[in-house]
Amino acid sequence: MKRLWLALILLLAVFQANALSLALDSIREWGKFPNFCVDVYRWGDRFFNTYDSAYVVGTGHKFNLKLRTESWVDYYNFDLPNDMRMRMLSDPSTSTGFWLTYLAVSVGYDMNVSKYLGFTSGARKRFTFGFNCSLFAVDYYSVSNDVGTHISKFGPHGNTTNPKIDFNGINNNSWGLNFYYFFNHKKYSQAAAFNFSKIQKRSQGSLYAGFSFWRQKFIFDFSSLPDYMKDALPATWPDYTYRASNNNYALKVGYGYNWVFAPKWILGVSESPLLGIQTGWIDFPDKKKTSFAFYNNFRLSVVWNNKQWFAGAQCDVNIGLLYDKEYTFTNSIVTGTVSVGYRFNIW
């Protein structure tokens with residue numbers, strides 16, 4: 001933490017020392033090419049970030065510094081033959097840290113605090129990146145879990161038990177990329193509800209659509225489970241192990257709405273199902289097939305803006321589905337985030 005604070009102090013000092021030279025009007029005076037670059041930047045800013053000011057306005061500040069705490073869990077659900085159910089729920093992975101943002105660029109450090117809170121001795125890994133302007137948004141994510149989870153429910157439908165068995169035979173990873181366009185981009189800002197970079201003045205929503213790609217690999221080795229559990233597993237699983245690998249190509253269609261329910265407050269809701277084609281294999285790598293792909297993303301956010309101060313709480317729920325004739329596998333990631341920050345200018 002001392003190194004983080006030192007880096008932030010040095011960064012602010014450098015920005016302060018170069019305040020005059022880094023202003024756009026000052027850069028114009030460096031020569032023809034810098035002047036051309038400034039013109040291109042300002043054209044791009046107008047083209048990609050123009051809003052109806054009666055509905056959306058900028059924050060008036062280029063920088064913000066925020067404290068962010070994020071916690072997320074994995075949820076796995078197997079609907080097995082003979083109407084049997086198996087549910088798995090992981091311990092929360094929690095991280096907290098400081099992030100410094102300049103326009104659309106952010107740098108920060110998150111510390112894994114799960115082991116200090118007693119949630120888990122390990123840490124599942126996740127990386128996210130997003131770019132958002134008035135016209136469109138791009139999201140990239142990767143997530144992996146080889147630490148483990150817990151079998152929380154098992155048994156026939158309507159009569160499941162709660163065995164609470166620690167399960168470490170897991171090695172899952174996935175990554176994906178989304179690109180989508182906002183149709184009502186003049187009056188609706190997703191960034192106002194989820195990125196703190198705009199302010200929604202009046203309630204408004206927008207349909208959005210685009211394309212998504214995601215790749216998944218799942219391994220669940222159930223060979224260490226009690227015999228009565230292994231007997232309920234599909235006979236097609238070699239060595240009591242579920243394996244799957246696939247690529248997914250889908251159309252992403254959704255709707256977002258920002259409700260300005262009180263001065264300084266925004267409630268943002270976004271729902272987007274992804275429907276497309278899935279190519280890959282389940283259980284046997286040499287038996288590849290093509291089927292339907294399904295995924296769903298739901299987001300909810302509450303944001304408070306008070307001049308330069310801001311705060312927010314956000315919930316993301318992502319659900320994917322893999323279907324076979326004998327069973328159905330559903331995987332979910334539920335994320336909760338709380339942020340508090342301050343906006344400012346240096347030049």
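This passage walks through the overall build of the protein, its cysteines, one serine and its internal cavities.

The model is a predicted one. Its secondary structure adds up to 7 helices and 17 strands. Of the 347 residues in the protein, 43% are buried. As for how the chain packs against itself, take the contacts with a separation of 6 or more: 68% of them are between residues 24 or more positions apart. On the outside, the accessible surface amounts to about 18400 Å², and carbon and sulfur atoms hold 61% of that area.

Next, the cysteines. Searching the whole structure for disulfides turns up 0. Cys-133 has a relative accessible area of 2%, so it counts as buried, the cut-off being under 20%. Cys-315 comes out at 28%, and is therefore partly exposed, since that value falls between the 20% and 50% limits.

Ser-270 is worth a closer look. This serine sits in strand 14, which covers residues 265-282. Its relative accessibility is just 1%, which means that Ser-270 is classed as buried. What does the side chain of Ser-270 make a polar contact with? The partner is the side chain of Tyr-208, at 2.6 Å. Leaving aside residues up to four places away in sequence, Ser-270 also touches Gln-190, Phe-194, Tyr-255 and Gly-256, along with Asn-297, Phe-298 and Arg-299. Tyr-208 belongs to that set of touching residues too. Strand 12, one of the strands that help line the largest cavity, spans 204-221, and the number of Tyr-208 falls within that range.

That leads on to the empty space inside the protein. Rolling a probe the size of a water molecule over the atoms reveals where such space remains. Over the whole structure, 2 cavities of 30 Å³ or more are found. The largest cavity encloses about 170 Å³. Its lining is made up of 15 residues, and those nearest the centre are Val-143, Ser-174, Phe-218, Asn-331 and Ile-333.

Which strands each supply at least two residues of this lining? They are strand 2 (63-80), strand 7 (136-145), strand 10 (172-182), strand 12 (204-221) and strand 17 (328-344). Strand 7 provides the largest share, with 4 residues. Matching numbers to strands, Val-143 falls in strand 7 and Ser-174 in strand 10. Phe-218 likewise falls in strand 12, while Asn-331 and Ile-333 fall in strand 17.

Note on methods:
Residues numbered from 1 in each chain as written. Predicted model: local features only at pLDDT ≥ 70, side-chain atom pairs only at ≥ 80, totals over all residues. Heavy atoms only, no water. Buried < 20%, exposed > 50% of the residue type's maximum accessible area, 1.4 Å probe, protein only. Contact = heavy atoms within 4.5 Å. Areas by Shrake-Rupley, 256 points an atom, 1.4 Å probe, with all protein chains shown as cover. Disulfide = S-S within 2.5 Å. Polar contact = N/O pair within 3.5 Å; in protein donor to acceptor, adjacent residues only side chain to side chain. 1 Å grid on protein atoms, 1.4 Å probe; cavity = no way out; pocket = protein on both sides within 12 Å on 5 of 7 lines; lining within 4 Å. Points joined across faces, edges and corners; volume = space filled by probe spheres on them.
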